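Got the viewer open? Let's take a walk through this one together, stop by stop.

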Amino acid sequence: MSRNPIKTPIIATVTSGKGGVGKTFVTVNLAASLAARGRRVLVVDCDLGLANVDIMLGLHPRLTLKDVLFGSAAPEEVILPTKAGFDLLPACSGVREMAQLLFEKIQIVKKVIASLEGYDVMLLDTGAGIAETVLQFNLLAPRNIVVLNRELTSITDSYAMMKVMHQIFGRDAFSLIVNAVADDREGEKIFSHVDGICRRFLGFATDYLGPIYRDEAVPRSILRQEPLVLAGTGSRTAACFGHIAGVVSRWGGPCLRALPAAQTGPVARETLH
Ligand SMILES: Nc1ncnc2c1ncn2[C@@H]1O[C@H](COP(=O)(O)OP(=O)(O)O)[C@@H](O)[C@H]1O
Ligand SMILES: [Mg+2]
């Protein structure tokens, strides 16, 4: 008797070297764009110290990922539907033991994600930088979307993050989004610069998902607690998300269960230089 092939979801982190570059804004709007295309999407808030996906959506979760990790709730009890058509597994903010999550707890997050069924795409909004927790989340997702902007510190920190992921864990495939650019040319220029450094010093090319324009409607949408793409699909910033959602939809997701176990060990300082 033939069986239907098991459909494996696309699992990607939305990560960055430097904080405040727009990861959560990108996660929420990319998830909304994918949902608008008929994809079943789950966002997992993995910025465990400073979780705020719920805030961008005007939600007040009673239960969070912490309840799942400490055994007081099942994932299905914690997951919430959102007005943007995707589901959210929220995290809690300002809890120190969550910010410095132990390796064993990250393995539980991994198991939880692998056990959830019925999603086409899972987006994991991580914290910034090269803290062990962030690296482990990036490692557990087969795809890493790196958000950066024009700031020199954002460019150097995203390179440092990719370098660490490459040197410690052998990752050599990153998809870049250049956020808050004036136009396509600026996005291309920043991407080419980072891609050139990766090719030269790390020996791999990166993938360009595209630019997102700097837009005054972004802070307004965050204040309204409503994804920008819901307000007007006609805006050119919304069109950026439409383009990126189209590319992400076509990714074939390797199965999370088939991934090698995450590796332990502190990040060696010398790898940063
Ligand atoms: N494309 C953009 N245009 C204008 N402002 C933006 C844009 N992207 C992000 N921002 C601003 O940057 C701030 C930080 O974004 P956020 O998604 O919270 O960053 P991160 O999750 O990386 O810390 C937002 O509050 C928003 O006002
Ligand atoms: Mg964030």
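Is Ile177 buried or exposed? Select Ile177 and count around it: Ile177 is buried, because 26 other C-beta atoms lie within 10 Å. The cut-offs are these: a residue is buried with 20 or more other C-beta atoms within 10 Å of its own, exposed with 12 or fewer, and partly exposed in between, the C-beta atoms being placed from the backbone.

Before going on, a word on what is on screen. This is a predicted model, where local features need a pLDDT of at least 70 and side-chain atom pairs count only at pLDDT 80 or more, while totals for chains, interfaces and linings use all residues. Residues are numbered from 1 along each chain as its sequence is written, with chains lettered from A and ligands numbered from 1 in the order in which they are written.

**The whole protein**

Zoom out and color by secondary structure: you should find 12 helices and eight strands. Helices (H or I, at least four residues) and strands (E, at least two) are DSSP runs, numbered from the N terminus. Of the 273 residues, 45% count as buried.

Now color by pLDDT, the predictor's confidence in each residue, from 0 to 100. The average is 89, and 87% of the residues score at least 70. Residues 1-5 stay under 50, and the model gives them zero contacts beyond four places in sequence. Residues 255-273 are also below 50, but that stretch has 27 contacts beyond near neighbours in sequence. A contact here means that the C-beta atoms of two residues, placed from the backbone, lie within 7 Å. Among contacts with a separation of 6 or more, 79% join residues 24 or more positions apart.

**Strand S7**

Go back to Ile177, which sits in strand S7. Leaving out neighbours within four places in sequence, Ile177 is in contact with Val26, Ile145, Val147, Leu209, Gly210, Ile212 and Ile244. Try a distance label to Leu148: 29 residues away in sequence, but 6.4 Å from Ile177, C-alpha to C-alpha.

Step back to Leu176, also in S7. Leu176 counts as buried because it has 24 C-beta neighbours inside 10 Å. Its contacts beyond four places in sequence include Val146, Phe191, Val194 and Tyr208.

Then move along to Ala180, another S7 residue. What is the phi of Ala180? It is positive, about 60°, although Ala180 is not a glycine. Ala180 is buried too, with 22 C-beta neighbours inside 10 Å.

**Around ligand 1**

Select ligand 1 and show its surroundings. There are 16 residues around it, and Gly22, Lys23, Thr24, Phe25 and Val218 come nearest; a residue counts as near if its C-beta atom, placed from the backbone, lies within 6 Å of the molecule. Helix H1 (23-36), strand S7 (175-181) and helix H10 (217-224) each give two or more residues to this shell. By type, the shell divides into seven nonpolar, six polar and three charged residues. In this scheme Ala, Val, Leu, Ile, Met, Phe, Trp, Tyr, Cys and Pro are nonpolar, Asp, Glu, Lys and Arg are charged, and the others, Gly among them, are polar.

After H10, stop at Gln225, in the loop between H10 and helix H11 (228-231). Gln225 has a positive phi of about 60° without being a glycine, and is partly exposed, with 14 other C-beta atoms within 10 Å.

**Two packed helices**

Next, select residues 152-169 (helix H8) and 184-202 (helix H9): they pack at an angle of about 35°, with axes 11 Å apart. Axes are lines fitted to C-alpha atoms, for helices over the stretch in contact, and angles run from 0 to 180 degrees between N-to-C directions. Show side chains and you'll see that residues including Ile155, Tyr159 and Met162 of H8 meet residues of H9, among them Ile190, Val194 and Ile197. The residues of this contact are eight nonpolar, three polar and one charged.

**Last stops**

Where is Asp120? Look in the loop between helix H6 (103-115) and strand S5 (121-128). Asp120 touches Pro9, Ile10, Arg39, Arg40 and Val41, not counting residues up to four places away in sequence. Pro9 is 111 residues from Asp120 in sequence, yet 4.6 Å away, C-alpha to C-alpha.

Finish at Arg250, in the segment after helix H12 (236-249). Arg250 is exposed, because 8 other C-beta atoms lie within 10 Å. Its C-alpha atom is 9.4 Å from that of Ile10, 240 residues apart along the chain.
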